[in-house]
Amino acid sequence: MSSHDELSQQVESLQQQIEDLQGQLMRAQKMSSVGEMAASITHEFNNILTTTINYAKMGLRHKNDATREKAFNRILSAGQRAARITTGMLGYARSTGVRKEEIDLSQIVSDVLILCEKDLQMNRVKLQTDILGHPVCEVNISHLQQVLLNLIVNARQAMDGGGMLYVTVRSSEDGSMGELEVRDTGAGIPSEELPKIFKPFFTTKEADTNGQGGTGLGLAFCREVIESHKGKMRVASTVGQGTSFTLMLPVAAATESRKSA
Ligand SMILES: Nc1ncnc2c1ncn2[C@@H]1O[C@H](COP(=O)(O)OP(=O)(O)OP(=O)(O)O)[C@@H](O)[C@H]1O
Ligand SMILES: [Mg+2]
């Protein structure tokens, strides 16, 4: 065998090794995100249990009504927060391996806006919907509705005192992706927080007396769903001006040729 042949054999075997290692790395990353979730959930539930136990002890120790009422309220808030987390987690857990159907993204928009138009009005948020294309994508419809709802709720919460919400549907220039943008004129996200917003349990929303804070699972769920659709999610934000989230989903194979824009 010539030295050239030997060399090319070595290259081939090294390439194979690289591919194997890349495969292992992908599997390890998947496992580590599962581990990360488990650790943070346990931590979060521990905090809630500590609160519950301490206020239960306080209620038992003190006989006066005011203190007991305060203790009950704190226990109730903690319980409600735990319930919100488990509900979010159930959605999160369901976000893999489920049926997908072809649908025009503008249909998802109109279905979701029916649900939240009233809520937007009540919070003095004006809505502008621009349907600039009709991209058809293969999606899990209820998961995508949930994603859009999460983005709209976040936008509304960022516009304390009202503002404008722009929801836009279009096709990418080459027609291969459907795009769905949710833009608000709210508080914006400081650049040092941007890398954290998709992490499970990252929230800047403090729980109020009803336990109605954020769980920080909204965007983590969105990311999970979009990745399971081989899509992408972009965010752009300016503090004091607003935020824009764009979902990009591959157009269904059969419809890609009749470019819909
Ligand atoms: N449109 C937005 N404008 C400003 N900040 C945002 C916006 N969307 C998300 N954020 C920031 O990202 C954080 C994480 O959002 P995410 O939806 O994951 O959790 P949450 O809204 O805090 O809680 P939950 O969705 O469980 O109610 C928010 O707490 C907020 O700081
Ligand atoms: Mg949210």
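This passage describes the fold, the helix packing, the ligand shell and some single residues of a predicted model.

The protein chain holds six helices and seven strands. Read from the N terminus, the elements follow the order α-α-β-α-β-β-α-β-β-α-β-β-α. The chain has 261 residues, and 26% of them are buried. Contacts between residues at least 6 apart in sequence were also examined. Of these contacts in the protein chain, 73% link residues at least 24 apart.

Five strands form an open sheet. Their order is 2-4-5-7-6, and the pairing is mixed. Strand 2 and strand 6 lie at the edges. Each has a single partner strand, so one side of each lacks a neighbour in the sheet. From one strand to the next, the twist averages 10°. Helix 4 packs on this sheet. It touches strand 2, strand 4, strand 5 and strand 7 (242-250). The direction of helix 4 makes about 20° with that of strand 5.

The pairing can be followed strand by strand. In general, strands of a sheet pair through backbone hydrogen bonds, either parallel or antiparallel. Both kinds occur here, as the sheet has mixed pairing. Strand 2 (residues 125-131) and strand 4 (residues 163-171) run parallel and are joined by seven bridges. Within this pair, Q128 has Y166 of strand 4 as its bridge partner. Strand 4 also pairs with strand 5, this time in the antiparallel sense, over seven bridges. Here S171 stands opposite G178 of strand 5. Strand 4 and strand 5 form a hairpin with five residues between the strands. In that hairpin, G175 takes a positive phi near 75°.

Helix 4 also has a helical partner. Helix 3 (residues 105-122) packs against helix 4 (residues 141-158) at an angle of about 35°. The axes of helix 3 and helix 4 are 10 Å apart. The crossing of helix 3 and helix 4 is right-handed. On the side of helix 3, the contact is made by I108, V109, D111, V112, L115, C116, D119 and L120. Helix 4 contributes I141, L144, Q145, L148, L149, I152 and R156. By type, the residues of this contact are 11 nonpolar, one polar and three charged. Helix 4 thus appears in two settings: it packs on the sheet, and it packs with helix 3.

A third setting for helix 4 is the ligand shell. Ligand 1 is surrounded by 22 residues. The closest are A158, T203, G214, G218 and L219. Helix 4 and helix 5 (218-228) each supply at least two residues of this shell. Helix 4 gives the most, with four residues. The shell around ligand 1 divides into nine nonpolar, 11 polar and two charged residues.

Two residues stand out for their backbone angles. Most residues other than glycine have a negative phi. F201 is not a glycine, yet its phi is positive, at about 75°. F201 sits in the loop between strand 5 (177-184) and helix 5. It counts as partly exposed because it has 17 C-beta neighbours inside 10 Å. K230 is not a glycine either, and its phi is positive at about 55°. K230 lies in the loop between helix 5 and strand 6 (232-238). It has 10 C-beta neighbours inside 10 Å, so K230 counts as exposed.

One residue of helix 1 was also examined. T50 is placed in helix 1 (residues 3-61). T50 counts as exposed because it has 11 C-beta neighbours inside 10 Å. The cut-off for exposed is 12 or fewer. Along the chain, T50 and A78 are 28 residues apart. The C-alpha atoms of T50 and A78 are separated by 9.6 Å.

Key: Residues numbered from 1 in each chain as written. Chains lettered and ligands numbered in written order. Predicted model: local features only at pLDDT ≥ 70, side-chain atom pairs only at ≥ 80, totals over all residues. Buried ≥ 20, exposed ≤ 12 C-beta atoms within 10 Å, placed from the backbone. Axes fitted to C-alpha atoms, helices over the stretch in contact; angles between N-to-C directions. Left-handed = near helix turned anticlockwise from the far one by under 90°. Contact = placed C-beta atoms within 7 Å. Nonpolar A, V, L, I, M, F, W, Y, C, P; charged D, E, K, R; others polar. Near = placed C-beta within 6 Å. Pairing = 2+ DSSP bridges.
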